[in-house]
Amino acid sequence: MSARKHTALPKARTLIEALPWLTRHHGKTVVIKFGGNAMVDEELKRAFAQDVVFLRHAGLRPVVVHGGGPQISAQLDLLGLESEFKGGLRVTTPEAMNVVRMVLAGQVQRELVGLLNEHGPFAVGMTGEDAHLMTATKHYADIDGERVDIGRVGEITAIDPGAVQALLDDGRIPVISSIARSSDPEDTLAGASGVFNVNADTAAAALAAALGAETLMVLTDVEGLYEDWPNSDEVISRLTATQLEKLLPDLASGMVPKMQGCLHAVRNGVHTARVIDGRVQHSILLEIFTDEGIGTMVVPDTNAHTNEGES
């Protein structure tokens, strides 16, 4: 009996350590941007689905926003359609937009909804087109000061979170593909059906702000924001909006939309924004429910001298 008690004790300690965070986050909305390796590795995908369902059972209100870069590239290759990037963004022709829409809403989203629903009738898939959730205008890339047309790439101009709120109130987990409707009703260019491909980091941040979320979590393929990359692999564990703003011009291009999203979120009412390593199994639970946390947390300037929102 004593041996059994002994082996169970660490589990009890882990649960007790989670208690303050369970209390703090109960009933709060958490927007999670799903991407990177977590999106293509089978074990990581399953662990992600378990984490999200755990959040739901723990009394949080998770919302998942996803892109699908690798899957889109693979499908475009399969169809013999060229895929080109300008200013870090995919040039999206009307033909490519149809593929983007098909892959995001018909493949990536369906798979994720299926994984979540192995645990119960929770996940409901939708795109930014549904119920006018996301509205966008055409986005132009800025390359060396020149405005460049990159096709059906959009910039979000409005969010109507009503349908997402209704799903959350019904105990569901919304799974949202980062496609937006055009703000121009006349915009049905060459069969692209008046929709835009929008950056999933940006979409998740805009939605988190519109929902008044407690937390935005962005899964990446790095440990967090590095202090002095490539000279050091020290991760900045916490920084304020103003500190982040100063760092933005020097960041690697792949991190820019993620960190800009975090900045937008905390400047628009979201309590904390975190960039975490999606290559680590159960990284979401480690970040939300442990004293150490992992990754980088961004807080509003008003939180700079308090413990509010820490984990």
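1. His-132 counts as partly exposed, at 42% relative accessibility. This is a predicted model. His-132 sits in the loop that joins β5 (123–128) to β6 (134–143). Its backbone deserves a look: phi is positive, about 55°, although His-132 is not a glycine.

2. A second histidine belongs in this note. His-282 also has a positive phi, about 60°, and is not a glycine. The loop that holds His-282 runs between β12 (272–277) and α9 (283–289). Is His-282 buried, partly exposed or exposed? His-282 is partly exposed, because its relative accessible area is 28%, and the partly exposed class covers what lies between under 20% and over 50%.

3. Val-280 is in the loop between β12 and α9. Val-280 counts as partly exposed, at 35% relative accessibility. Which residues does Val-280 touch, leaving aside neighbours within four places in sequence? The contacts are Leu-44 and Leu-286. Pro-257 is 23 residues from Val-280 in sequence, and their C-alpha atoms are 21 Å apart in space.

4. Now the surface. Leu-78, Leu-79 and Met-102 make a nonpolar patch of about 340 Å². Leu-79 lies in the loop between α3 (69–78) and β3 (85–86). With a relative accessible area of 48%, Leu-79 is partly exposed.

5. Gln-109 is a polar residue to check. Helix α4 (residues 94–116) contains Gln-109. At 4% relative accessibility, Gln-109 counts as buried, because the cut-off for buried is under 20%. What lies 2.9 Å from a polar atom of the Gln-109 side chain? That partner is the backbone oxygen of Met-126. Beyond neighbours within four places in sequence, Gln-109 is in contact with His-66, Leu-104, Gly-125, Met-126, Thr-127, Val-175 and Ser-177.

6. Helix α6 (residues 200–211) has the span it should have. Its 12 residues should cover 16 Å at 1.5 Å a residue, and its end C-alpha atoms are 16 Å apart, which agrees. The expected value is 1.5 Å times one less than the number of residues.

7. How enclosed is α6 by the rest of the structure? It is largely enclosed, because 10 of its 12 residues are buried. Alanines appear repeatedly in that buried set: Ala-200, Ala-203, Ala-204, Ala-205, Ala-206, Ala-208 and Ala-209 are among them. Asp-201, Leu-207 and Leu-211 are buried in α6 too.

8. Both ends of α6 have something to inspect. At the start, a side-chain oxygen of Asn-199 reaches to within 2.8 Å of the backbone nitrogen of Asp-201. Asp-201 is itself one of the buried residues of α6. Just after the helix, Gly-212 takes a positive phi of about 65°.

9. Helix α8 (residues 256–267) has 12 residues. From first C-alpha to last, α8 reaches 16 Å, close to the 16 Å expected at 1.5 Å a residue. Its buried residues are Lys-258, Met-259, Gly-261, Cys-262, Leu-263, Ala-265 and Val-266. Note the lysine in that list: Lys-258 is buried.

10. What do the buried residues of α8 pack against? The helices are α6 and α7 (241–247). The strands are β1 (29–34), β10 (215–220), β12 and β13 (296–299). Gly-269 follows α8, and its phi is positive, near 100°.

Key
Residues are numbered from 1 along each chain as its sequence is written. This is a predicted model: local features need pLDDT of at least 70, side-chain atom pairs count only at pLDDT 80 or more; totals for chains, interfaces and linings use all residues. Side-chain values use heavy atoms; hydrogens and water are left out. Helices (H or I, at least four residues) and strands (E, at least two) are DSSP runs, numbered from the N terminus. Buried means under 20% relative accessible area, exposed over 50%, partly exposed in between (1.4 Å probe, protein chains only). Patches are made of residues with over 30% relative accessible area and no salt bridge: like charges are joined within 9 Å, nonpolar side chains (Val, Leu, Ile, Met, Phe, Trp, Tyr) within 5 Å. Accessible areas come from the Shrake-Rupley method with a 1.4 Å probe; for residues, only the protein chains shown count as cover. A salt bridge is a side-chain nitrogen of Lys or Arg within 4 Å of a carboxyl oxygen of Asp or Glu. A polar contact is a pair of N or O atoms within 3.5 Å; within protein, one must be able to donate a hydrogen and the other to accept it, and residues adjacent in sequence count only if both atoms are side-chain atoms. Contact means heavy atoms within 4.5 Å.
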